[in-house]
Amino acid sequence: NGQDFARELATQYPMVSRVALSKTPIWQTDGSTSENSLLVYLVVKHSLTRADQKKIIAWLKVRTDMTDIKLIVTRK
């Protein structure tokens, strides 16, 4: 549930103000696809460190049981 993820992330990282999640295939330019990826879009109040981004990706891998996580971070 996306709302649960948003609340859990905001608890761990209060600078996160918005979260969007989408499980989607990533298309190769030759038309083939890879396995499904989890696209995670975060809007933050101030920048996340590279270390925090890696921790979020590691947490999401465990929490979602997915290995391919794409994290997109923008500032508010």
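Where is Val62 found? Look for helix H2, because that is where Val62 sits. Before we follow that thread, keep in mind that what you have on screen is a predicted model.

Let's start with the overall layout. The protein chain has two helices and three strands. If you trace along the sequence, you meet these elements in the order α-β-β-α-β. To get a feel for the dimensions, picture a box of roughly 40 × 25 × 20 Å, set along the principal axes, which the C-alpha atoms fill. The protein chain has 76 residues, and 28% of them are buried. As for the outside, the chain exposes about 5200 Å², with carbon and sulfur atoms supplying 50% of that area.

Charges are worth a glance too. The protein chain carries 12 positive and 7 negative charges, and the mean positions of the two groups are 11 Å apart.

Now for the inside. In soluble globular proteins, nonpolar side chains tend to be buried together. Here, the largest nonpolar core has 16 residues, and Tyr13, Val40, Leu42, Leu48, Ile56 and Leu60 have the most contacts inside it. Which elements give two or more residues to this core? They are helix H1 (2–12), strand E2 (33–44), helix H2 (50–64) and strand E3 (69–75). Strand E2 supplies the largest share, with four residues.

Pick out Leu42 and see what surrounds it. Setting aside residues up to four places away in sequence, Leu42 touches a whole list of partners, including Leu9, Val16, Leu48, Ile56 and Leu71. Arg18 is also one of the residues that Leu42 touches. Contacts that span the sequence show up in the chain's overall count as well: among contacts between residues at least 6 apart in sequence, 58% join residues at least 24 apart.

Next, hunt for aromatic rings that pair up. How many aromatic pairs does a search of the whole structure find? There is one. The rings of Phe5 and Trp59 have centres 6.1 Å apart and planes at 80°, so this pair is edge-to-face. It also ties together distant parts of the chain, since Phe5 belongs to helix H1 and Trp59 to helix H2, 54 residues apart. Is Phe5 buried or exposed? Its relative accessibility is 9%, so Phe5 counts as buried.

Strand E1 gives us a nice pair of residues to look at. Thr24 lies in this strand, which covers residues 16–27. With a relative accessible area of 19%, Thr24 is buried, because the cut-off is under 20%. Leaving out neighbours within four places in sequence, Thr24 is in contact with Asn36, Ser37 and Leu39.

Arg18 is found in strand E1 too, but Arg18 counts as exposed, at 55% relative accessibility. Being exposed doesn't leave Arg18 without partners: beyond neighbours within four places in sequence, it is in contact with Tyr41, Leu42 and Val43. Now try going from Arg18 to Gly31. They are 13 residues apart along the chain, and their C-alpha atoms are separated by 32 Å.

Finally, back to Val62 in helix H2. Its relative accessibility is 71%, so Val62 counts as exposed. Compare its place with that of Val19: the two are 43 residues apart in sequence, and their C-alpha atoms are 18 Å apart in space.

Notes. Residues numbered from 1 in each chain as written. Predicted model: local features only at pLDDT ≥ 70, side-chain atom pairs only at ≥ 80, totals over all residues. Heavy atoms only, no water. Buried < 20%, exposed > 50% of the residue type's maximum accessible area, 1.4 Å probe, protein only. Contact = heavy atoms within 4.5 Å. Areas by Shrake-Rupley, 256 points an atom, 1.4 Å probe, with all protein chains shown as cover. Lys, Arg positive; Asp, Glu negative; His and termini not counted. Charge placed at Lys NZ, Arg CZ, Asp CG, Glu CD. Core = buried A, V, L, I, M, F, W, Y, C linked by side-chain atoms within 4.5 Å. Phe/Tyr/Trp six-rings, centres within 6.5 Å; stacked < 30°, edge-to-face > 60°.
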